[in-house]
Amino acid sequence: DHAVQHAMFSLRNPLADRTMAALSAIGSAPVLGTGAIAALGWLAWRKRWMAAAHWLAAITVGLLITVGLGASVDMPRPPTASAGFGFPSIAVTMTTVVFGFFAVLIAREFPGRQRVWPYLVAGVATALVAFARLYLGAHWLSDVVAGMLLGVVWVLVLGIAYRRHSTRSFLIRPLVAAFYGAFALALAWHAPRSADATLTEFSPPAP
């Protein structure tokens, strides 16, 4: 944990700071929440109740588990982060859950090799949030790894349950447009406005 933290602080520079602060907004509640609500709204409108119930369960239970672990595991944050405990990283966990389970929802509807790209998007989004949080000194490496593992395990468990209970196919292009479009718009709006506050919260230590 300390070795990775020192390595990240050695990379800190003003040009990269704002970029990393913007990337960390991918895992923020306003951005993930906007995409999640858009997807839930489309599923409810199309009366895909099974998919909507699993989507809601993925986010709600994943959030409750993460918050519960954070309250029960006394892992102090790095000295440059705000007070409190940060194990596991809620931003990394929820990014893994939201993008990961959305990939489960839509991947089966794609033909052949195209099924891999939703999982690639989920992996890239999670990796960007994880690196940005490490770069900013918001979490230890163990916080980030635990968040990824927790998210992946929960997505696997719920994904198996969803595949067993849902056999109906549905048109996924509007759902893909709703989720990724709402996510992109929320990120474009929120990231520039939250960058200064993020950099103030996770300022590097004095030389």
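**Notebook: charges, fold and one histidine**

I started with the charges: the 15 positive and 7 negative ones in the protein have mean positions 21 Å apart. Note to self: this is a predicted model, and I am reading every value with that in mind.

Next I looked up the secondary structure. I got 8 helices and 0 strands for the protein. Read from the N terminus, the order of elements is α-α-α-α-α-α-α-α. I then checked the radius of gyration, which comes out at 18 Å; the globule rule gives 17 Å for 207 residues, and the two are close, so the protein is as compact as a globular protein of that length. For the overall extents, I have the C-alpha trace spanning about 60 × 35 × 30 Å along its principal axes.

Then I turned to packing. Of the 207 residues, 47% are buried. I took the contacts with a separation of 6 or more and found that 82% of them join residues 24 or more positions apart. For the surface, I noted about 10,400 Å² accessible, with carbon and sulfur atoms holding 71% of that.

Last entry, histidine 190. I found this residue in helix α8, which covers residues 173–201. Is histidine 190 buried or exposed? Its relative accessibility is 17%, and buried means under 20%, so I put histidine 190 down as buried. Which residues is histidine 190 in contact with, leaving aside neighbours within four places in sequence? I listed Ala25, Ser28, Pro30 and Val31.

Conventions. Residues numbered from 1 in each chain as written. Predicted model: local features only at pLDDT ≥ 70, side-chain atom pairs only at ≥ 80, totals over all residues. Heavy atoms only, no water. Helix = DSSP H or I, 4+ residues; strand = E, 2+ residues; numbered from the N terminus. Rg over C-alpha atoms; globule rule 2.2 N^0.38 Å. Buried < 20%, exposed > 50% of the residue type's maximum accessible area, 1.4 Å probe, protein only. Contact = heavy atoms within 4.5 Å. Areas by Shrake-Rupley, 256 points an atom, 1.4 Å probe, with all protein chains shown as cover. Lys, Arg positive; Asp, Glu negative; His and termini not counted. Charge placed at Lys NZ, Arg CZ, Asp CG, Glu CD.
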